[in-house]
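Me: I'd like to go through this one with you, a piece at a time. Here is what I'm looking at.

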Amino acid sequence: CISIYVICVVCNEERKIGKDCTTQLREQLNRERAANEHLREQMRYLTDLQQRTPAYVPSEGSGSNISLEEMEERKRVFNETIDRVEQLFFGYQKENACQSNEEVGMQCTSGGLKVLPLICLLCLSALWLRSKFFTTRCSNEPVTIRMRSPLSTASSYHANCTVDTCLDLLPCSIDDRRLTIYLEPISRIIDEVGMFIYMGIEVTPQPSREFLEMRSIIEESRFHVSDVNDACLVMPGFDSLNLRHFNDQSADFHKAITAGDRFLGRNLFFFTFVGTDITAGKAIVARAQCYKDSFRRGFDVAIPLWLPTTGFGSNSHEVSGLTKNRFYRLAVVTRFASEVVRTALQEAFSDETDILWLHECRIKKDSICDPSGESYSLHRALKMSDFALIDDRIPSHEVTLMASLQSGTIPVILSDSPILPFSEIIQWQRISLAFFHSRLISLNAILKSITEERKHSMRKQIDFIYSRYFSSLQKIALTTLEILEKRIVPNLMTFSHEWNTPQNRLRSSPLFLPRIAPSEGFTAVILAYNRVESLFALVHLLAKVPSLMSILVVWNNIYWQPPPVSEWPHISRPIKILQMRKNRLSNRFIAFSEITTEAVFSLDDDISTLTVDEIQFAYQTWRENPERLVGFLPRSDVYNDSSKTYTYSSEWSNNMSIVLTGAAFFHKYYGILYHTLLPSAVRSYVQSAKNCEDIAMNFLISSLTGKCPLKVTPRKKFVCPQCVKNGISVWDAPRLLQRSECVSKFSSWMGENSLISTSFRYDPVLYRYPSSEPLHNPFRQVGTL
């Protein structure tokens, strides 16, 4: 057991004091083993001696007596042997898992002199067999798993894996609030094959410091569980960070996963920084070197390359160095590039004096040099340039990418199909420029057109992104798990701006509500003027919505009286008509006492083409997001870099930052805040211009919550055909220009443009599901564009 204990010391001390002290401990282990072998030889000699000379038994008439001197000599040798056994085997007083073995060994010394050598030999044999074939866990001692190699070690590669097809989601449903992960104990996989069947061949590498640190990070995180049966994902106990440490990357890695069939029925997950030949099977791989032919988008996770030996793990990202001493426009690192790639790059940037070319040095092989022979560190070279070229045809381009971010240099990514770290959550368009290889010729002119203001904005965002997600092993590991949690765990949806905005700019909701608002229904507030026919059609439509509680008509025409009560549609829900004394668009946001629900459905009187299912679905979406503005009509704002102003856009596009209140749900509390919290200059401008009250409400909610509005259903057109030439919902060019001015003025008066852009919408899960199928779809009438 002394050998097992020394192994434990080696495992404990290797991380603390480095390789030199580990070597000394291993040498001590070898010396102890040699001494033990010598002791066994002496024990065998003692046994043989005792067998040759019978024990002294006095008897009458016996003629063969043992002399006193010979008896004393036997006793001295025996006592000396026992002393050495106790000193070498049982002299350690440290508390360890081998204590029971020591007690068994001590019992060996209490037997009679006649059978003592044989009993001790049996004890030693039992201890050796226990250490050989049974797992004894001493503090951090690895678990040894023995296996026999099959004739074929090929493994299937599931190239089309998705979360739904390759994961068993049943274990993930045990805890529906978080992702759970179990860490297999540190393991050694021994392949007992061929001539080495007795001692075996170890196929797993020694655990690295980074691997042990990453395990410690996960173990201390909220994701870790101690019972494998409670885990959604299982992380193997061998080091997979550098696949090149395996003798045979593909075969040995496959053996390490399949040994003992211990992962049958489990969802596997592991990290890999170096190596591309991954026999992943159905395991999720968080990998830094991602090639198009083996990376499974939406299943694997692209992570940043972690190279602590180059200093990329430092947190000392100097903001002051982001703009100073940048003498070159572009840094091009051609080290390891093929001759074809080098020629193409040189032709694209020929005759340019502000390009820093960097290639391998002739003398200093570990450095990079410019054409004059001056050597640079990669970090120093990149800090001297505004941009850094990242060409995915050049090996080690991942290193250049991470070094550019750490240096505050804007990456210029040249790729036809880029796979970028954490691209699922990071808005890379804000911190880099991306081009196809075919655009290489025009790249130089585009870089010259980038303004200093835009470069400064991108560097600030680079500083934030690098510090938050890439600057340490802990941030890389936890961000990876948060991405997987976002994919796997239901009802944990997050939004892009939450990942890409500093915490001091994110605001909490002013509503102290549960995640899902109560199902008490909503109050429809219709802003009406004189379109009676479309107004009545809208009332008839709302009456069919199951969640409608009441209708409140805000009659904004101060010259005409609303129709008499007898002419209004007869419906099963109460209708209240309020005639305003002043014609103000902001009247629709007054928190009238007649509003008895938390949800307010704000409508223009010409919105009559919605369906019952669309309104009901929008209300259910608002219930799950009561702090947001949820509606049907999206708009966007675009910043003009040359004029320093914002442009309001009503075009159908991939992005939106505004939802019009002509058909939108919001919490009634925002109606109070509109009249009390908005700057008076904003409210006065809305009244004088008779425009932009919906833009002001979007500014208010986004600034309070830090969240974008939500667009529901795919419908594009809502206004009734008869209302096209007579209604405030139809905008001409002057009014659109005025709304652009609103965005610019509101941004100035509120200190910033708080509108948040998004590129997604909410649709029912069974949207466009065939009506002939037996599955019940409660939102069959959700319309098309």
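Me: In which sense do E13 and E14 pair, and over how many bridges?

Reply: This is a predicted model, and in it E13 and E14 pair in the parallel sense, with five bridges between them. One residue pair across these strands is isoleucine 390 with isoleucine 413, the latter being the bridge partner in E14.

Me: What is the strand order in the open sheet of seven strands?

Reply: The order is E12-E11-E10-E9-E13-E14-E15, and the pairing in this open sheet is mixed. Strand E12 (375-376) and strand E15 (433-435) are the edge strands, each pairing on one side only.

Me: Which strands of the sheet does H10 touch?

Reply: H10 packs on the sheet and touches E9, E13 and E14, with its direction making about 155 degrees with that of E13. H12 lies across E13, E14 and E15, and runs at about 95 degrees to E14.

Me: Back to H10 for a second, how many of its residues are buried?

Reply: Eleven of the eleven residues of helix H10 (residues 397-407) are buried, so the helix is largely enclosed by the rest of the structure. The buried set includes polar-looking names alongside the aliphatic ones, among them His397, Glu398, Thr400, Leu401, Met402 and Gln406.

Me: And what do those buried residues of H10 pack against?

Reply: Their partners are strand E9 (328-333), helix H9 (378-383), strand E13 (385-391), strand E14 (410-414) and helix H12 (452-470). Just past the helix, H10 is followed by glycine 408, which has a positive phi, near 75 degrees.

Me: OK, backbone geometry then. Which residues have a positive phi although they are not glycine?

Reply: Phenylalanine 336 is one of them, with a positive phi of about 75 degrees, and its place is in the loop between E9 and helix H8 (339-348). Phenylalanine 422 is another, with a positive phi of about 55 degrees, and this residue sits in the loop between E14 and E15.

Me: Is phenylalanine 422 buried or exposed?

Reply: Phenylalanine 422 is buried, and its relative accessible area is 1%.

Me: Switching sheets, what's the strand order in the open one with three strands?

Reply: That open sheet has the order E6-E7-E8, with parallel pairing. Strand E6 (269-272) and strand E8 (301-302) stand at its edges with a single partner strand each, so one side of each has no neighbour in the sheet.

Me: How many bridges are there between E6 and E7, and how many between E7 and E8?

Reply: E6 and strand E7 (residues 284-287) pair in the parallel sense over four bridges, while E7 and E8 pair in the parallel sense over two bridges. As for which residues face each other, phenylalanine 270 stands opposite valine 285 in E7, phenylalanine 271 stands opposite alanine 286 in E7, and arginine 287 stands opposite alanine 302 in E8.

Me: Which residues of E7 are buried on each side?

Reply: Ile284 and Ala286 are buried on one side, and Val285 and Arg287 are buried on the other, so to speak of E7 is to speak of a strand with both faces covered.

Me: Now the helix pair, H17 and H19. At what angle do their axes cross?

Reply: The axes of helix H17 (residues 668-676) and helix H19 (residues 693-705) cross at roughly 105 degrees and come within 10 Å. The two helices are therefore roughly perpendicular to each other.

Me: Which residues make that contact?

Reply: On the H17 side the contact is made by Tyr670, Leu673 and Tyr674, and on the H19 side by Glu693, Ala696, Met697, Leu700, Ile701, Leu704 and Thr705. By class, the contact of H17 with H19 has eight nonpolar, one polar and one charged residues.

Me: Last topic, the whole protein. How many helices and strands are there, and what share of the residues counts as buried?

Reply: The protein has 20 helices and 25 strands, and 50% of its 785 residues count as buried. The protein exposes about 39000 Å², of which carbon and sulfur atoms supply 53%.

Me: What share of the contacts with a separation of 6 or more comes from residues 24 or more positions apart?

Reply: Residues 24 or more positions apart account for 73% of those contacts.

Conventions
Residues are numbered from 1 along each chain as its sequence is written. This is a predicted model: local features need pLDDT of at least 70, side-chain atom pairs count only at pLDDT 80 or more; totals for chains, interfaces and linings use all residues. Side-chain values use heavy atoms; hydrogens and water are left out. Axes are lines fitted to C-alpha atoms, for helices over the stretch in contact, and angles run from 0 to 180 degrees between N-to-C directions. Angles under 35 degrees count as roughly parallel, over 145 as roughly antiparallel, 65 to 115 as roughly perpendicular and the rest as oblique. Contact means heavy atoms within 4.5 Å. Ala, Val, Leu, Ile, Met, Phe, Trp, Tyr, Cys and Pro count as nonpolar, Asp, Glu, Lys and Arg as charged, and the others, Gly among them, as polar. Two strands pair if DSSP finds at least two bridges between them. Buried means under 20% relative accessible area, exposed over 50%, partly exposed in between (1.4 Å probe, protein chains only). Accessible areas come from the Shrake-Rupley method with a 1.4 Å probe; for residues, only the protein chains shown count as cover.
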